[in-house]
Structures are given as structure tokens and as C-alpha cells.
Amino acid sequence: EDSTIRSFIDSKRRKSGVGSVDESDNLGQIEVSLSDDESVISELLTIAWLPVEKTPSNLVDELNPPRVAHQLSGVGISSPQFTRPKVDDWICSSTMDILSINTKSSALEQLFQWDLQPSIVSVASQLVALSQHDVLRSNEQSYRQKMSKVSIQIYEILDNHMDAADHDERERALMILQGKPWIWVGDNFVTNSQVAFNAPDNARPYLYSVPDQMLCYENLLKACGVRDSFSGEDYMLLLSTLTSKLQGDLCNTKQLDLAIFVARNLSRITPDEFNLLDKSLLYLPSKEGRMYRASEMTFDDAPWLSAIVKKTRHVFVHPDVGNEVARILGSKSLRDVLSANQNGMVKIPCPKHEALHQLFSRRSIKNDECCRAVLELLEIAELKGTKQISILLDRRQFGTMSLLHPFLAPAQGPAIVVCFHDVAIEVDDLVKLTSPAKYY
């Protein structure tokens, strides 16, 4: 290396009338001489004269990183401005040529700025290039070990130099990583949208927690858009992606557990966030283990009825999802579906589900409430011309399993029974007279 530089400088000096370099000149003196002649440095940087690794076919394994051709690199030479030392082979080979020999000259490294880290744009591009080749090799232990080591080296460079880089370079690096798989999670690369600092462990391979070895790069990850936790949209897209992947096949045990877990988490998001979701992408597992659109499914809140329904067209939500979760996510109640198809039930005015919940949650069953209810019934009796009334306190407690609505359960306990002996009142009239009209 030193003799090559001396020969090049000698030829330049002879052309310019300057003496040649003595054998006693060391590399430090050569570097000073070069620094005094910008034209010599410029030409030395641009001409292809360094021996570099030839660009192979699309072979990428634990020994060969992805490579890109520059100038004459296909035949094994390149210019210093497009070349990095061999030690940087795995961290920038997709954008820079790599020396085919090990350099021992510190002067050469300083002259070509090889003593500095590669640019963040170059190493960001390397991450994306590595992710495009990891699929075929991800099951090989040696390749996974190599990726774990290399990715940490690149994250270290990005983390150390992202803030110090100028605005344009920083934006270019972030744009390269945006939407691309670049975060190594032990067996493959994933996008930043698939990773969060607080994530469920069993959501792999769709959603991931930030790997332990990357927690020290919190600033880098947050700058690239990694969030503290996943949103409802992330969980919904996970269910949609799982459905597309299965293409109508049954879930295996792991997939079924994941779908149930995600459905429960999705039901806990705030109503405001839930209302913003595209419900057409919301899927749930069926009783048999297939994925269906939630709005087209029915949750079995009347097992004593579903057991006798023959050749039903209903697709029942998997029981482990839970009726309340299924209701929140848009599935229909079997009780509601069956009652809507029974003409005799339609004639009875029954509050909607939301109205019952509101009615019972706001009413407090106290003595004064009971007295007020009795007085209201006496007023109705007088209005109807009733001559005899009997009032009975029924202390019995009845079952709550087979009710038309689950929220009618509080009415199955002790009750005051008021009998109008000589007047018959239609059920719908009595219900409407004793309950607010807004609930119907």
C-alpha cells in the first residue's frame, strides 16, 4: 500500500516539477504532502485502483453479505470514494465496495476517511438489504448468530450518529427505514410498526416486543416510530392478517389462542378508539376454529336454545372469546336473533340491550324507590277504574340463565307483586306506563 501511494505521488510530483518521495519518508509525511495538493487527493479518490471484492451472484449467507456493483467492482477494482475497508464488510456492503485485502496503513485509513464510521444512510440501507435476504437463511443457526452480531453493530452506529448528522442525512436515513423490515427480533427482520416496548409475548409472529438487547437504543427506536404499546388498529390488522393467511383453514392451537387473546385485548380499548376502526376487518374465531367476520357471527348466550336448533345457519363465536367480548366486537346475540324471528315475542315491548344496561345501572333499589313504584301502580289502578288491589312481597330468588336479556337478571330477585283484581291491562300498556319511553 505504501509503495503504491509513493509511486503515485512521485509521478504527480514529476509532472508538476516537484521532487520525488524519499524512501525515508514515512506515511505521516506522505499524508502531509498530499494534504497540500488537493488535486492529487481528488484524483486519487476518484480513479478505480483499489482491489475490492467482486460482486457475486445473488449469494447471501453467513460468509457473504449482500453486495452492490460500483464502477469496475465487477472485475475487482474500485475508487476509494466508493470503497470501505474489509472490517466494514457486513455493515455497508450493499452501498459500498469492500477492499479484498486487509489494510495496515493508518495513513491510508485517514486519507480515505476509513477511520470514521460509515454514514448513517449507508448502514440504514444495509439493514434493509440484509432483511431482503434473511428469509431463506433465517432457520440456519450460524446465520441468525451472524445477524444478531451485525445488527447490533449497525444499531450502535445509528444510535451514536443520528443526532449528530445533518438534517438532510438524518431524514434520508429515516426514510430508508420507514415501512421496511430493519429490526432484528432473533429469527427475522420486522418493521417498526410490528414492534412496541410493551407487547404481549404470544403475539409473535405478527407483533413483537422490543428485544432486550435493543432496549438501550430507545432514542433511536422512538425516532424511527416504535411505540410504547400497540393500538386497537394493530390488533385488528393482526386478526385480518391471520384470516388471510389461513384462507379458510382451521386455526392450530397457537393461532387459536392468539386470536382469542387479541380479541380480548381489542375489546378493552376505549369506545372512541374503537369507533375509528374499520369493522369490516374485524375477525373472530368460530366454535370450530375458523376465522369469520365478527359482524356475521353469533355469540351463544342461550345454550339451552342453541342445543335444540337443528341445521342452524348461525356461525357461533368460539366460547373462549366470551359473550361480552363478542358483543363489543360486533357479533349478534343468539337471544336477539331468535326473538326477532318469533312473532309472539315481537309483540312484547322489550328494551334494547344498551337501554337495559342504562336503566338498571342508574336505578338504585331502595325503600323509597319501591314505595314510589307502588304509588305509581296505584295511580294506574285508579286511572283504569280498579276497585280492588292486593300487594304481596315475594322474597323468592329465581334463576338468571335463560332470560331474554342478561341484564334482566337483577329483576329475578325479591319483588313486590301488585294485583289488579277486576281490571285486565295489556302487557305492553303496563310496561310503557311504568318505564320511560326513551328506553324502547
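The exercises below, each with a worked solution, concern a predicted model of a protein chain.

**Exercise 1. Overall composition**

Determine how many helices and strands the protein chain has, and what percentage of its residues is buried.

*Solution.* Begin with the secondary structure, which comes to 19 helices and 15 strands. Turn next to burial: of the 440 residues in the protein chain, 39% are buried. Finally, consider the contacts between residues at least 6 apart in sequence, of which 68% join residues at least 24 apart.

**Exercise 2. The two sides of helix 8**

Work out which residues of helix 8 are buried and which are exposed, and explain how the buried ones are arranged about the helix axis.

*Solution.* Step one is to list the buried residues of helix 8, which spans residues 167–177: these are Ala 173, Leu 174 and Leu 177. Step two is to look down the axis of helix 8, where the buried residues fall within an arc of 95°, and therefore line one face of the helix. Step three is to examine the other side of helix 8, on which Asp 168, Arg 172 and Met 175 are exposed. Step four is to ask what covers the buried residues, and here the covering elements include helix 6 (120–131), helix 7 (141–161) and helix 9 (218–223). The last step concerns the two ends: at the start of helix 8, a side-chain oxygen of Asp 166 comes to within 3.2 Å of the backbone nitrogen of Asp 168, while the residue Gly 179, which follows the helix, has a positive phi, near 75°.

**Exercise 3. The largest nonpolar core**

Identify the residues that touch the most other members of the largest nonpolar core, and the element that supplies its largest share.

*Solution.* Start from the membership: the core holds 39 residues, and those touching the most other members are Tyr 155, Leu 158 and Ile 183. The elements giving two or more residues to this core include helix 4 (89–92), helix 8 and strand 7 (195–198), and the largest share, 7 residues, comes from helix 7. Then follow Ile 183 itself, whose contacts beyond its neighbours within four places in sequence include Tyr 155, Phe 189, Val 195, Met 214 and Leu 221. Apart from this core lies another, of 35 residues, among them Tyr 235, Val 262, Val 325 and Ala 326.

**Exercise 4. The second largest pocket**

Describe the volume and the lining of the second largest pocket.

*Solution.* First, the volume of this pocket is about 480 Å³. Second, its lining consists of 19 residues, and those nearest its centre are Gln 81, Arg 84, Met 96, Gln 113 and Ser 119. Third, at least two lining residues are supplied by each of helix 3 (38–46), strand 3 (83–84) and helix 6.

Technical notes:
Residues are numbered from 1 along each chain as its sequence is written. This is a predicted model: local features need pLDDT of at least 70, side-chain atom pairs count only at pLDDT 80 or more; totals for chains, interfaces and linings use all residues. Side-chain values use heavy atoms; hydrogens and water are left out. Buried means under 20% relative accessible area, exposed over 50%, partly exposed in between (1.4 Å probe, protein chains only). Helices (H or I, at least four residues) and strands (E, at least two) are DSSP runs, numbered from the N terminus. The arc is that of the directions from the helix axis to the C-beta atoms. Contact means heavy atoms within 4.5 Å. A polar contact is a pair of N or O atoms within 3.5 Å; within protein, one must be able to donate a hydrogen and the other to accept it, and residues adjacent in sequence count only if both atoms are side-chain atoms. A nonpolar core is a set of buried Ala, Val, Leu, Ile, Met, Phe, Trp, Tyr and Cys residues joined through side-chain atoms within 4.5 Å. On a 1 Å grid over the protein atoms alone, a cavity is a set of points where a 1.4 Å probe fits but cannot get out, and a pocket is an open set with protein on both sides within 12 Å along at least five of seven lines; lining residues have an atom within 4 Å of a point. Grid points are joined across faces, edges and corners, and a volume is the space filled by probe spheres set on the points.
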